[in-house]
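Here are my notes on the model you sent over. I've kept them as numbered points so you can follow along with the structure open.

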Amino acid sequence: MLQLTPKQISERSALRINPCKTCQPVGAMYAALGVHRCMPHSHGSQGCASYHRSFLTRHFKEPAIASSSAFTEGNAVFGGGSNIRAAVKNIFASYDPDIIAVHTTCLSETIGDDLKTYISEMTIPEGKLVVHTNTPSYVGSHIQGYANMMNGFIQYLAQSSGQANGKTAVFPGFVNPGDMRELKRMLNLLKTSHTLFPDTSGVMDAPMTGYYSMYPKGGTTIEEIKSLGDCAQVIALGELTSEEPAKMLERLCGVHYETLPLPIGIENTDRFIMAASQITMEDVPYELEEERGQLLDVMLDSHFYHYGKKVAIFGDPDTVLGLVSLTLEMGMIPKYILTGTPGDAFLRKTRALLERYEQDDCTVKAGGDLFELHQWIKNERVELLLGTSYGKQIAKAEDIPFVRVGFPILDRYVHSYFPIVGYRGALRIVEKISEALMDRQDRDAADEDVELVM
Ligand code: SF4
């Protein structure tokens, strides 16, 4: 592989090689799947919708339902108004969702289709709903798409009735259904009455029942989204994913919000638990204290393997920030930190975290790609790679232990059922990192034995 100097690497600005992100509609589709009886709808060509669906299916190993406006060449010239009108009519007639969540694609954004007007002028069956958001894929990433779709639901549906419902709205960030289940478990232990929005548990991890259900049991209900405006407060998890929707709800309905990092690692989970317990004024239950203590115990027991090890971490911004926090707590050195999602906030937050742990020799980048990460590793090696499936070629080429975490993980099963958030989630990451490093140590020791015998 071609090796570039650090100067050459930093000079490349207009081209991405092996991107560390995917396009906005993937995130929008995932957010819409977290709403009960919702049909995500891709306003663009069929190829886009097929790509987004298959991408989600490959990660979750579950069917990702979605429909498409099925643009042809003519629509690129004359617009997709007639397509969306026909699509909405056909979707309600054939698939009977309660709500259709439309997101745009590169093509419909480029021609400037005015979905707000199309939707306001179309005939929608009694009791059914259509919402939309704009997801131009040539800016941002699937993370913005996810936040934009949440904004779309809030703008169309959330209302303030003046009658408080006493609930806390929790925006979970771009995480797996397993994480959403864990967040709800912790909130229930803390006796926090809550609405998780969106909630893909029970949809993208639905059980095998022997028959196909287009709309499984899970998902935030339309009624719950409508009453977000009556919630007492919002806990927005994942500062770079959930803050925008929280701001939108505050602006429209005056609901106060608190933004917290994704609860990955001890400190971030502590903050989430303290925020929830301060709302209810309940003591933290022993069950959670015990889990925290177990995690600490395991981290201490295994610290010989982690301490001082250099790790490269890449993926979605909030997930990466959480993983950086956890690896610093484990005594590791997050040498290279990269997200494909652009944004200065990621740089600021990561640097502030590194400063607190007096780590001044780490490279941080937002809007980067995996070719660049590979070059950094070639110039100075790390002992562990932590990130999505797209890192496997780097791990193979450089013979570095690799732990898959984040989105997407396309070449493994079961991962989306297990959390990485909370103390239990951290316990699992510590286990995976320990195994990867110990396997390498065992292999190196076996190689040495062979050399001695020879
Ligand atoms: S054309 Fe745009 S919206 Fe469609 S798959 Fe490609 S990047 Fe995504």
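1. Start with the open sheet built from four strands, which are ordered β6-β5-β7-β8 and pair in parallel. Keep in mind that this is a predicted model. At the edges you'll find β6 (194-196) and β8 (257-260); each has a single partner strand, so one side of each has no neighbour in the sheet. Going from one strand to the next, the twist averages 20°.

2. Inside that sheet, have a look at how β5 (residues 168-171) meets β7 (residues 233-237): the two run parallel and are joined by four bridges. If you want a residue pair to find the spot, A169 sits opposite V234 in β7. Helix α12 (residues 266-280) packs on this sheet and touches β5, β7 and β8. The direction of α12 makes about 160° with that of β8.

3. There is also an open four-stranded sheet with the order β2-β1-β3-β4, and its pairing is parallel. Here the edge strands are β2 (67-68) and β4 (129-133), each of them pairing on one side only. Two bridges hold β1 (residues 38-43) and β2 together in the parallel sense. For orientation, H41 has S67 in β2 as its bridge partner.

4. Which helices pack on the sheet that contains β1? One of them is α2, which touches β1, β3 (99-104) and β4, with its direction at about 165° to that of β1. Helix α5 (residues 81-95) packs on the sheet too, touching β1, β2, β3 and β4. For α5, the angle with the direction of β1 is about 155°.

5. Now follow α2 to its helix neighbour. The axes of α2 (residues 24-33) and α3 (residues 46-60) come within 9 Å and cross at roughly 60°, and the crossing is right-handed. From α2, the contact uses P25, V26, M29 and Y30; α3 brings in C48, H52, F55 and L56. What kind of residues make up the contact of α2 with α3? They divide into seven nonpolar, one polar and no charged.

6. On to the ligand. Which residues surround the ligand? They are C23, P25, G44, C48, Y51, T105, C106 and S137. By type, this shell splits into five nonpolar and three polar residues, with no charged ones. Two names should look familiar from the previous point: P25 and C48 are in the ligand shell, and P25 of α2 and C48 of α3 also take part in the helix contact.

7. For the overall layout, the domain assignment splits the chain into domain 1 (24-157), domain 2 (168-287) and domain 3 (302-446). Taken over C-alpha atoms, the centres of domain 1 and domain 2 are separated by 24 Å. The contact between domain 1 and domain 2 takes 26 residues from domain 1 and 26 residues from domain 2.

8. What does domain 1 put into that contact? Both α2 and α8 (142-157) supply at least two residues each to the side of domain 1 that touches domain 2. The most comes from α8, with nine residues. Sorted by type, the residues on this side of domain 1 are 18 nonpolar, five polar and three charged. So if you're browsing by eye, α2 is worth a second look: α2 packs on the sheet with β1, α2 crosses α3, and α2 supplies residues to the side that touches domain 2.

Methods. Residues numbered from 1 in each chain as written. Predicted model: local features only at pLDDT ≥ 70, side-chain atom pairs only at ≥ 80, totals over all residues. Near = placed C-beta within 6 Å. Nonpolar A, V, L, I, M, F, W, Y, C, P; charged D, E, K, R; others polar. Axes fitted to C-alpha atoms, helices over the stretch in contact; angles between N-to-C directions. Left-handed = near helix turned anticlockwise from the far one by under 90°. Contact = placed C-beta atoms within 7 Å. Pairing = 2+ DSSP bridges. Domains from an automatic or database assignment.
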